[in-house]
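Please walk me through this structure, element by element, with the cut-offs behind each term stated where the term is used.

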Amino acid sequence: MTTLDRPEGATWWRGAVVYQVYLRSFADGDGDGLGDLAGLRARLPYLVALGVDAVWINPWYPSPMVDAGYDVSDYRSVDPRYGTLAEAEALLAEAHAAGLRVLLDIVPNHTSDQHPWFRAALAAGPGSPERERYLFRPGRGPGGDEPPNDWTNVAGGAAWTRVTEPDGRPGEWYLHLFMPEQPDVDWTHPEVRADFAKTLGFWFDRGVDGFRIDVAHSLAKQEGLPDAGHGATPGHPAWDRDEVHDIYREWRAVADAYPEPRIFVAEAWVDRPERLARYVRPDELHTAFNFFFLTSPWRAPSLRQAIDETLVEHAAVGAPPTWVLSNHDTARHRSRYAREPGGERGVNLRHLLGRPADLARGARRARAAALLMLALPGGAYLYQGEELGLPEVEDLPVEVLDDPVWRRSGHTDRGRDGCRVPIPWAPGGPPYGFSPPAAAAPPWLPQPPAWEDLAVAVQDGDPASMLELYRAALRLRRAHPALGDGTLRWLEAPDGVLAFARDPGFACVVNVSGRPAPPPTGTDVLLASGPLGPDGAVPEDTAVWLGGQVGG
Ligand code: NOJ
């Protein structure tokens, strides 16, 4: 395996490109149809050659897998379907030797209902210390038949489930902002705080470089758990409470106790960039996913606004922004950009699917968006498969849908499986090299026949492929002193064109205007997302990286 220079120093994370490994869909080493650690270890050379700095691995802990591992039953172990703790340690050593840092995913808002704490809480009954680690409350109304407040869970139903007490009678209710199998823990309980700090240390001691924090904005709930009414964040009693920041100050101290910096990235779907910036104040988390950019329609004013507000708010607290286009919860951006932008934003953007689509246009825009994202100041997150131009799989048969959203929405929302389909590595039909030859089971979600041409081995070496565009961009980004952490300067440009310079000697032009645009004068093309016009004009839905003396 070739070794990359590791971005050294205490600030490597300020400009890092992190690749999201959705483990169950990345590579299957043992042939059971589910991705695993053996598969990931075998594919590390691919990630090194791609040119990323780090990986973020979705939860690998023991779990009943009601929510694909976001229902954790043991935070300090590895699910046997993914491998063993020894394999996880080997992966860490191999990744580090190859110059890759490794971030895990911690799920602190809720445990699985199969976690020993929750089982003990159910068995111990009302008023017991075991119940105090969760949010159990008596119901309202005659007989306590009504939930304790009006909060809803993410699938739309009540955020409360009533339990049957050990004596067989209907009893208390417990809070779950997500599925009933994911009870929320009580973060005012000292044992909860101490145990999660212990989990951080457990993995840091094994060399883990940091954590992505699942729903980082929901841990603190308003005292008394009052009704939310129609309240939105901020001000909602369950989301983005100011008290949550105390937790992250404690976590920062845990991370800072290590000589090699350990870092955090917050998953926090908050209302405004100003609220997001609070999570990355100097004594809190290092970075936070920038969902304002992800949810922006492919329109210049809206992209520009997301970029500007993000830069201003992050600069105010001295944190680097991050940029992200897709993840395992949102419709894949190639498929989003294949639709004409409606202007509306939504959390997972699945509402766009089902509208008429032009996937070739989606791919052109995805190529341009990649160059935009990788030229912006700060870090970036890539979601596995975007470097192959994978679209959302919109026609998965309902029998194979695994996402609890499908079931819990009363079969009205197909959920997130369409962006979680296993990676095609080689041509030759499913499983496209995802599983070894003669695997015992097919991939856990079926791969479409049309993915033949998107396989890694097919794109490898083809200069026109999405994969080679990402490789070239990441190579240039690593070598160019203007890219990564830093600032930008907007250049004058026609309406609908985003043009900015970064020092020294770099410019990026992204044409979202619907007609060709001239590039800045006195520059050389370093990389373009598509063919340029004969006079160097930048066609619509195209981005170009330029070097030289950039004015404006
Ligand atoms: C956010 C995760 O990304 C998502 O996949 C999960 O369902 C929820 N948090 C609940 O843990």
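N149 lies in the loop between β4 (136-137) and β5 (160-164), where strands (E, at least two residues) and helices (H or I, at least four) are DSSP runs numbered from the N terminus. This is a predicted model, in which local features need pLDDT of at least 70 and side-chain atom pairs count only at pLDDT 80 or more, whereas totals for chains, interfaces and linings use all residues. Residues are numbered from 1 along each chain as its sequence is written, and side-chain values use heavy atoms, with hydrogens and water left out.

With a relative accessible area of 5%, N149 is buried, a term that means under 20% relative accessible area, as against over 50% for exposed and in between for partly exposed (1.4 Å probe, protein chains only). Its side chain has a polar atom 2.9 Å from the backbone nitrogen of W151, and the side chain of N149 also reaches the backbone oxygen of L225 at 3.1 Å. Such polar contacts are pairs of N or O atoms within 3.5 Å; within protein, one atom must be able to donate a hydrogen and the other to accept it, and residues adjacent in sequence count only if both atoms are side-chain atoms. When neighbours within four places in sequence are left aside, N149 is in contact (heavy atoms within 4.5 Å) with R140, W160, L225, P226 and D227.

A second buried loop residue is D209, which sits between α5 (190-205) and β7 (210-213) and has a relative accessible area of 3%. The side chain of D209 makes a polar contact of 2.7 Å with the side chain of H96, and a polar atom of the D209 side chain lies 2.8 Å from the backbone nitrogen of V102. D209 and L104 are 105 residues apart in sequence, yet their C-alpha atoms are 8.1 Å apart in space.

Strand β7 leads to an open sheet of eight strands, paired in parallel in the order β9-β8-β7-β3-β2-β1-β11-β10, where two strands pair if DSSP finds at least two bridges between them. Its edge strands, each pairing on one side only, are β9 (287-288) and β10. Helix α6 (residues 244-256) packs on this sheet, touching β3 (101-106), β7 and β8 (263-266), and the direction of α6 makes about 150 degrees with that of β8; axes here are lines fitted to C-alpha atoms, for helices over the stretch in contact, and angles run from 0 to 180 degrees between N-to-C directions.

Within the same sheet, β11 (residues 379-383) is mostly covered, five of its five residues being buried. In a regular strand the side chains alternate between the two faces of the sheet. In β11, G379, Y381 and Y383 point one way and A380 and L382 the other way, and all are buried. Strand β1 (residues 17-21) runs parallel to β11 and is joined to it by four bridges, with Q20 standing opposite Y383. Strand β10 (residues 322-324), also parallel to β11, is joined to it by three bridges; the partner of W323 is A380, and V324 stands opposite Y381.

Another open sheet has five strands in the order β12-β13-β14-β16-β15, with antiparallel pairing. Here β12 (489-490) and β15 (523-528) are the edge strands, each pairing on one side only. Six bridges join the antiparallel strands β13 (residues 497-502) and β14 (residues 506-511), and among the residues so paired are A501 and, in β14, A507. Helix α9 (residues 300-317) lies across β12 and β13, at about 30 degrees to β13, while α11 lies across β13, β14, β15 and β16 (542-548), at about 40 degrees to β16.

How far apart are the end C-alpha atoms of helix α11 (residues 359-375)? They are 24 Å apart, which agrees with the 24 Å that its 17 residues should span at 1.5 Å a residue, the expected span being 1.5 Å times one less than the number of residues. Because 14 of the 17 residues of α11 are buried, the helix is largely enclosed by the rest of the structure. At the start of α11, a side-chain oxygen of D358 comes to within 3.2 Å of the backbone nitrogen of A360.

Finally, the protein chain is divided into domain 1 (116-175) and domain 2 (487-548), with bounds that come from an automatic or database domain assignment. The centres of domain 1 and domain 2, taken over C-alpha atoms, are separated by 57 Å.
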